[in-house]
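This briefing is meant to be read alongside the sequence and the three-dimensional model shown below. It takes one helix as its subject, then turns to a pocket and to two individual residues.

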Amino acid sequence: MNDDLTASDRLRIERRLEDLSAFGDDAAYTVARGLDAYLDASPEGRVLRNNGRHIVIQVATVVEKLPDAYKAAHDGVDWVGISRMRNLIAHRYDRVDDRLVFTALASRIPELLNHLGLRDAQP
């Protein structure tokens, strides 16, 4: 981690990374249900979509709380894109493309976790 960070910053970052890892587990569980189930018009599909949207919001909320120095040390992450997706879901929910949210759950969140060293890269 960046040497410019205080011990307190490092502890907060560790807790936030643990949260991100847990949200990654939630995303993996949701994705494992499959795209068809996720997009289904049934109550289960609605619950999965709401869950997926909430996971993206949680990830973005944690990311927003990471210190700028930490983000700068991981400049390969699209920090702005994460925030924009959160804002779209939170404020323009009627315009959300659920296929894109599913893709974020299936690809973007695991890529983020891999980049941050929280998951092994997938083959």
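**Helix H6 and its surroundings**

Helix H6 comprises 18 residues, residues 98–115, and at 1.5 Å a residue these should span 26 Å; the end C-alpha atoms are 24 Å apart, which agrees with that expectation. The model is a predicted one, and the points below should be read with that in mind.

**Course and ends of H6**

- Although the end-to-end distance agrees with the expected span, H6 bends by about 40° at Ala104.
- At the start of the helix, a side-chain oxygen of Asp97 comes to within 2.9 Å of the backbone nitrogen of Arg99.
- Just after H6, the backbone at Gly117 takes a positive phi of about 80°.

**Buried residues of H6**

- The buried residues in H6 are Asp98, Val101, Phe102, Ala104, Leu105, Ile109, Leu112 and Leu113, and Ala104 is also where the helix bends.
- An α-helix has 3.6 residues a turn, so residues three or four places apart point the same way.
- The cover over the buried residues of H6 includes helix H1 (7–32), helix H2 (35–39), helix H3 (43–64) and helix H5 (79–91).

**The largest pocket**

- The largest pocket has a volume of about 260 Å³, and its lining is made up of 14 residues, of which Asp78, Ile82, Arg108, Ile109 and Leu112 lie nearest the centre.
- The elements that each contribute two or more residues to this lining are H3, H5 and H6, with H6 giving the most, at 6 residues.
- Ile109 and Leu112, which are among the residues nearest the pocket centre, are also among the buried residues of H6.

**Ser107, a residue within H6**

- Ser107 lies in helix H6 and has a relative accessible area of 31%, so it counts as partly exposed, between the limits of 20% for buried and 50% for exposed.
- Ser107 and Ala28 are 79 residues apart in sequence, while their C-alpha atoms are 9.7 Å apart in space.

**His74, a residue in a loop**

- His74 is found in the loop between helix H4 (68–73) and H5, and because its relative accessibility of 16% is under the 20% cut-off, it counts as buried.
- Leaving aside neighbours within four places in sequence, His74 is in contact with Trp79, His115 and Leu116; of these partners, His115 is the residue at which H6 ends.

Terms used. Residues numbered from 1 in each chain as written. Predicted model: local features only at pLDDT ≥ 70, side-chain atom pairs only at ≥ 80, totals over all residues. Heavy atoms only, no water. Helix = DSSP H or I, 4+ residues; strand = E, 2+ residues; numbered from the N terminus. Expected span 1.5 Å × (residues − 1). Bend = angle between axes of the 7 residues up to and from the residue. Buried < 20%, exposed > 50% of the residue type's maximum accessible area, 1.4 Å probe, protein only. Contact = heavy atoms within 4.5 Å. Polar contact = N/O pair within 3.5 Å; in protein donor to acceptor, adjacent residues only side chain to side chain. 1 Å grid on protein atoms, 1.4 Å probe; cavity = no way out; pocket = protein on both sides within 12 Å on 5 of 7 lines; lining within 4 Å. Points joined across faces, edges and corners; volume = space filled by probe spheres on them.
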